[in-house]
Amino acid sequence: MTTRRRNQAERDEITVEIGYALLSACFLGAVVFATIAGPVAIWNLPPAAEKFLLAGGAWVAGGLAVMRVVHVLWRHGQDR
């Protein structure tokens, strides 16, 4: 961690990197959720299976989205 002030270009770079991390995490989460919970919209499944797929899709998608944000920002920090 540095104590020097960042210039405008560095602040813009960090802002863009955070935006990229969040956008790519949302896209990854949506794709993973649709993949896991998609059968609920297509097939007539028992209620327990529907709940399991929806909850499982939400947990996996959320976890992977958080991991994506951490990975992108960590990699950006190491490049400096």
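Student: What makes the radius of gyration of this chain unlike that of a compact globule?

Tutor: Set the value against the rule. This is a predicted model. A compact globule of 80 residues would have a radius of gyration near 12 Å, but this chain has 18 Å. The C-alpha atoms fill a box of roughly 60 × 20 × 15 Å along the principal axes.

Student: What secondary structure does the chain have?

Tutor: There are 2 helices and 0 strands. Helix H1 covers 8-42, and helix H2 covers residues 47-79.

Student: How do you know what span to expect of H2?

Tutor: The expected span is 1.5 Å times one less than the number of residues. H2 has 33 residues, and 48 Å is expected. From first C-alpha to last, H2 reaches 48 Å, close to that expectation.

Student: Why is His76 called buried?

Tutor: Buried means under 20% relative accessible area. His76 has 12%, so His76 is buried.

Student: Which residues does His76 contact, leaving aside neighbours within four places in sequence?

Tutor: Glu13, Ile14 and Glu17. Contact here means heavy atoms within 4.5 Å.

Student: Why is His71 called partly exposed?

Tutor: Partly exposed lies between the two cut-offs, 20% and 50%. His71 is at 44% relative accessibility, so His71 counts as partly exposed. His71 also has its place in helix H2.

Student: How far is the C-alpha atom of His71 from that of Ala21?

Tutor: The two C-alpha atoms are separated by 8.4 Å. Along the chain, His71 and Ala21 are 50 residues apart.

Student: Which residues of H2 are buried, and what covers them?

Tutor: The buried set is Gly57, Ala61, Ala65, Val69, Val72 and His76. Their cover includes helix H1. An α-helix has 3.6 residues a turn, so residues three or four places apart point the same way.

Student: How much of the whole chain is buried?

Tutor: Buried residues make up 21% of the 80 residues.

Student: What share of the contacts joins residues at least 24 apart?

Tutor: Count contacts between residues at least 6 apart in sequence. Of these, 67% join residues at least 24 apart.

Student: What makes up the exposed surface?

Tutor: The chain exposes about 6300 Å², and carbon and sulfur atoms supply 70% of it.

Student: How many charged side chains are there, and how far apart are the centres of the two sets?

Tutor: There are 8 positive and 6 negative side chains. The centres of the two sets lie 6 Å apart. His is not counted.

Definitions and conventions: Residues numbered from 1 in each chain as written. Heavy atoms only, no water. Helix = DSSP H or I, 4+ residues; strand = E, 2+ residues; numbered from the N terminus. Rg over C-alpha atoms; globule rule 2.2 N^0.38 Å. Buried < 20%, exposed > 50% of the residue type's maximum accessible area, 1.4 Å probe, protein only. Areas by Shrake-Rupley, 256 points an atom, 1.4 Å probe, with all protein chains shown as cover. Charge placed at Lys NZ, Arg CZ, Asp CG, Glu CD.
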